[in-house]
Amino acid sequence: MPLRYLTDFDTKNIEKEICDVIIVGSGVAGLYSAINLDRSKKILIISKESMDENNSYLAQGGIAAAVGEGDLPEYHFEDTIKAGAGECDNEAVTVLVEEAPRDVEVLCNIGTNFDRNIDGTLTTTREGGHRRFRIIHALGDATGREVVDSLLRECRTRENITIVENCFAVDIITADEHFTGLLVKHENKYKYLISKAIILASGGIGQVYKNTTNATVITGDGIAMAYRAGAELTDMEFVQFHPTAMYSENVDENKFLISEAVRGEGGILRNTDGRRFMPEYHEMAEVAPRDIVARAIFAEMKKTNSDFVYLDVTHKEPDQIKKRFPNIYKHCFDRGIDMTKQFIPVCPVQHYFMGGIKTDLWGRTNIQGIYACGEAANTGVHGANRLASNSLLEGLVFGRRCSEQINSTIDSMKIIGTDIVNRRQLTTIVDAEAVNISIKSLMNEYAGIERNEKDMSMALCRINEYMEQLENSSLESTKEMETMNIANIASLILKAAIRRKESVGSHYRID
């Protein structure tokens, strides 16, 4: 086990605030859970940075739901199970696909501006692993931004919901295996937030890797602090690599995602020799499940000794491309590529995390008072490989379910608010930035699309050495705490990946 608490503190000597429910995270899962909580309860939403700094806001593709003509939840279920490579929880998937339409309807009712056909019906598209057109989207390719904005507007109409930006969640405080409160750092001061329950909607682990599409704030904090508190984590080896991020020679920048919908609407993958290759790898070609497409691209990159392949939409009508994918078109154009006339260089990078905090179908963890939803949680719906556009959906369905469960029990719950004193013996000074860079490089190199035990064991040994140094150092700055969380998550991913000897879904062993 790692350190129980990251820093020195005495809750008797820091400012306290009491509410009914704390929500850590300001993406779709966090905001949607907030609007589904009882309006008579005091709700506090903690956002690590500004409200638009999260993966939900960056989401391009859309929300998968069986709302189109001829589609059924059973078909959505089948595609989800198949993409998950036999590792999904069938009951959780049933909940996801059957309840999806109702949550889409709620979003429509609060004013989410989904794209629509001339007759007013929701426009749908197709993405990897889906056999039908069932992805609803907004503003062409800015679904996440529109959904977050509409939920944020709704939250701000509710007097019982308070949003605190630029607030870093440091540690969950527990007593006798019960949740008691949350230690946060806000405006450079520690604060003790006390509540009856906490919902962890803090997102994934993208910044554990050097190359990722994830926002810079996604450092696995919620998962790491839940683990320190004793929460059970599962499926930590299942890390999804998106097949088509825009290639950039700048290795230090986050990678811009080229939505799966571009392939879903006819985009063709070509290697650097100009040859289409996906039909050789899978019967669904460019719209095969993500893990298959990512490995195929990786194989073609090795064959051609290149750092990328091409995505070709030059055969599509230019005006259609500009209307359907306005943000992608602009980003490519700003980088010197007119995607209506030129191929887009793309490569696989880390994108999503299927593992995380184990929950039941109502978001409950093994610790009383702690709930989780969204990418931080492992509900079992994704298995070994998430089906495209099931991520925003999972945040909606299980965010609401967390709230429904809390609503049914909160009046019988008590605020505990136990005071804690934590003191640590510190002996080491660590360059957190250098450690951070090294861990990301190790994970990129040895815990990526292809894995083997020898390399992963070597990386784990190095990362455990970093963890020991960090545990004996003063973790005072947010950057130092994030680095500790990154090291902890990296270690857990490697341990799980070493344990699982067989290849399945996103976890591919070449040995």
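The following exercises, each with a worked solution, examine one sheet, one helix and one further group of strands in a predicted model.

Residues are numbered from 1 along each chain as its sequence is written, and side-chain values use heavy atoms, with hydrogens and water left out. Because the model is predicted, local features need pLDDT of at least 70 and side-chain atom pairs count only at pLDDT 80 or more, while totals for chains, interfaces and linings use all residues.

**Exercise 1. Determine the strand order of the open sheet of 4 strands, and state which helices pack on it.**

Step 1. Helices (H or I, at least four residues) and strands (E, at least two) are DSSP runs, numbered from the N terminus; two strands pair if DSSP finds at least two bridges between them.

Step 2. The order is S2-S11-S10-S9, with mixed pairing. Strand S2 (15-18) and strand S9 (167-175) are the edge strands, each pairing on one side only. Neighbouring strands are turned by 25° against each other on average, direction ignored.

Step 3. S9 pairs with strand S10 (residues 178-186) in the antiparallel sense over 8 bridges. Within this pairing, His178 of S10 is the bridge partner of Ala175.

Step 4. Contact means heavy atoms within 4.5 Å; axes are lines fitted to C-alpha atoms, for helices over the stretch in contact, and angles run from 0 to 180 degrees between N-to-C directions. Helix H6 (residues 221-228) touches S9 and S10, and its direction makes about 20° with that of S9. Helix H14 (residues 478-499) lies across S9, S10 and strand S11 (189-194), at about 60° to S9.

**Exercise 2. Compare the expected and actual span of helix H4 (residues 90-109), then locate its bend.**

Step 1. The expected span is 1.5 Å times one less than the number of residues. The 20 residues of H4 should therefore span 28 Å, and the end C-alpha atoms are 30 Å apart, which agrees.

Step 2. The bend at a residue is the angle between axes fitted to the seven residues ending there and the seven starting there. H4 bends by about 45° at Ala100, and Pro101 follows within four residues.

Step 3. At the start of H4, a side-chain oxygen of Asp89 reaches to within 3.0 Å of the backbone nitrogen of Glu91. After H4 comes Gly111, with a positive phi near 100°.

**Exercise 3. Identify the strands that pair with strand S16 (residues 309-312).**

Step 1. Strand S15 (residues 268-270) runs antiparallel to S16, joined by 3 bridges; Arg270 has Tyr310 as its bridge partner in S16.

Step 2. Strand S17 (residues 344-353) is also antiparallel to S16, through 3 bridges. Here Val309 has Val346 of S17 as its bridge partner.

Technical notes
Polar contact = N/O pair within 3.5 Å; in protein donor to acceptor, adjacent residues only side chain to side chain.
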